[in-house]
2 protein chains.
Amino acid sequence: MTSLSPIAAFLPVTEDAGAATRTRNKLLRAGIAAFAELGYHAASTRLIETAAGVKRNLISYHWGSKDAFWKDCIDCLVGAMMLEFRAVDDQAVNVDGPERLRFFVRAFIRASAKYPEMHSIMLDEGKRNEDRLAWIVERHVEPVKARVEQLLADARRMGVAREIDLPSFYYALVGTSAMFTMAPECRMLFGIDPLEDAAITRHADAIARLLIPDQSLANPLTMKRRK
Amino acid sequence: MTSLSPIAAFLPVTEDAGAATRTRNKLLRAGIAAFAELGYHAASTRLIETAAGVKRNLISYHWGSKDAFWKDCIDCLVGAMMLEFRAVDDQAVNVDGPERLRFFVRAFIRASAKYPEMHSIMLDEGKRNEDRLAWIVERHVEPVKARVEQLLADARRMGVAREIDLPSFYYALVGTSAMFTMAPECRMLFGIDPLEDAAITRHADAIARLLIPDQSLANPLTMKRRK
DNA sequence: ATTAAGGCTTGTCGTATGACAAGTTTATCG
DNA sequence: CGATAAACTTGTCATACGACAAGCCTTAAT
């Protein structure tokens, strides 16, 4: 491994919440970064402990097993990402119609950019079909899918959705986060840093435009052609 | 690991090309599947050898190192994928204009569906910035990016491209293959098998429609607004 | 039939991993 | 002050890994 990617400080390490909590938080932060960058199997507990700057075996002591530690990492990451997501999405509390879906898409992409670890880990688990996949799908992915489904149905009812199936729409939405997840490749390939704020905004706007047509496009030629 | 995903037989194991070649091909097929499913670090040479049904240490014998073996796997995979890609893309040899870009997108997505291992491996390496990333970007990714860039520029010149930056377009294109890469998650989440031929066609068409506007959309309101 | 080489097999080494067990330190409270 | 538990530390084990070394078959040319 080269180096652990920087991760936003959503788990305070300085908070005076007791020594044990501080240790746990340091480990969770390092764990999220390591699981995202290396995958479950290649991210060893010893490596995570070293990255967190704590002594060997503390993961075993605090969580009992690597698997339980991983689940706690996911819960923390999802919690933090949801906070970020809502911070943007809630601005649309009074918005309706296609604008509503567009806000959702922008919020989702911004949150994905702030926590690329999530997409990384989902990609790692989503292709593997081990026990962890069922756990994370049921606990964290299903609600997101349900929300997307509802918003897309709303948009369709209003005749402002593109002609597209839910799975294609869903994977087009989550898949574009590859730009953030593959930041090293993106830097190499395009010479830009996709994690800069300006780049994030541009990407979020572009994908929102891609997924939700402008009002001006809502004409009978292209819309509501679904049988 | 649960099981290695089935992989198309682009490397014949029955060809009478000498015992050594047959052994090498069996290992390459198993290696591609394992690297895609588990990632470089978690896919051990012993596991790959077992999956290939050959004796221990034959990777070391034939390639000298795991790294050299990985590179050979990638070259084989890219070669096979390019064959599949051209089989579809070459149908557009006489096509021009926006249809040309649409053919490219469909061909790319069909090839990605047939060889989801490619996307898997790119995601694995693209986030890690180890030596292998520079190797694969320079050798295999750059040409694809250049082709996309050229086609997008052509489409723009004709005024039929969406208002979008190259990186966003590129990662929207490659990112949607997440549906195939995350086939286990997709089955769990949507109850459909994304690797079925009908599903592939639907997805490819949907994404092509998403990325390249219909001719009817080429109006001054939405087009050529780029400064 | 002998030889030699290519292809394969087995043995072993140094290192890494997750888990457990047994210790030691530190904090808290009566 | 002393005790008690929580927090941490260190030791160890069975297993797994990549690489190398040495030996063993099979084949084909002489």
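The questions below concern a predicted model, taking up the surroundings of DNA strand D and then one pair of helices in chain B.

Student: How many residues surround DNA strand D, and how do the residues of that surface divide by character?
Tutor: The closest residues to DNA strand D are A:Lys55, A:Arg56, A:Asn57, B:Thr45 and B:Arg46. Of the atoms of the strand that come within 4 Å of the protein, sugar and phosphate account for 48%. The residues that surround the strand number 18, and they divide into five nonpolar, seven polar and six charged.

Student: Which base atom of DNA strand D lies 2.8 Å from a polar side-chain atom of A:Asn57?
Tutor: For B:Asn57, a polar side-chain atom lies 2.9 Å from a base nitrogen of DNA strand D, while an N or O atom in the side chain of B:Ser44 is 3.0 Å from a phosphate oxygen of the strand. For A:Asn57, the atom at 2.8 Å is a base oxygen.

Student: At roughly what angle do the axes of helix 5 and helix 11 of chain B cross?
Tutor: Two packed helices are described by the angle between their axes and by the distance between those axes. In chain B, helix 5 (residues 98–114) and helix 11 (residues 197–211) have axes that come within 9 Å, and their crossing is right-handed. The residues of this contact divide into eight nonpolar, two polar and five charged. The angle at which the axes cross is roughly 145°.

Student: Which residues of helix 5 of chain B meet helix 11 of chain B?
Tutor: On the side of helix 11, the residues met include B:Ile200, B:Ala204 and B:Leu211. On the side of helix 5, the residues are B:Arg102, B:Val105, B:Arg106, B:Ile109, B:Arg110 and B:Ala113.

Key:
Residues are numbered from 1 along each chain as its sequence is written. Chains are lettered from A and ligands numbered from 1 in the order in which they are written. This is a predicted model: local features need pLDDT of at least 70, side-chain atom pairs count only at pLDDT 80 or more; totals for chains, interfaces and linings use all residues. Side-chain values use heavy atoms; hydrogens and water are left out. A residue is near a molecule or strand if one of its heavy atoms lies within 4 Å of it. A polar contact is a pair of N or O atoms within 3.5 Å; within protein, one must be able to donate a hydrogen and the other to accept it, and residues adjacent in sequence count only if both atoms are side-chain atoms. Ala, Val, Leu, Ile, Met, Phe, Trp, Tyr, Cys and Pro count as nonpolar, Asp, Glu, Lys and Arg as charged, and the others, Gly among them, as polar. Axes are lines fitted to C-alpha atoms, for helices over the stretch in contact, and angles run from 0 to 180 degrees between N-to-C directions. Helices (H or I, at least four residues) and strands (E, at least two) are DSSP runs, numbered from the N terminus. A crossing is left-handed if the near helix is turned anticlockwise from the far one by less than a right angle, and right-handed if clockwise. Contact means heavy atoms within 4.5 Å.
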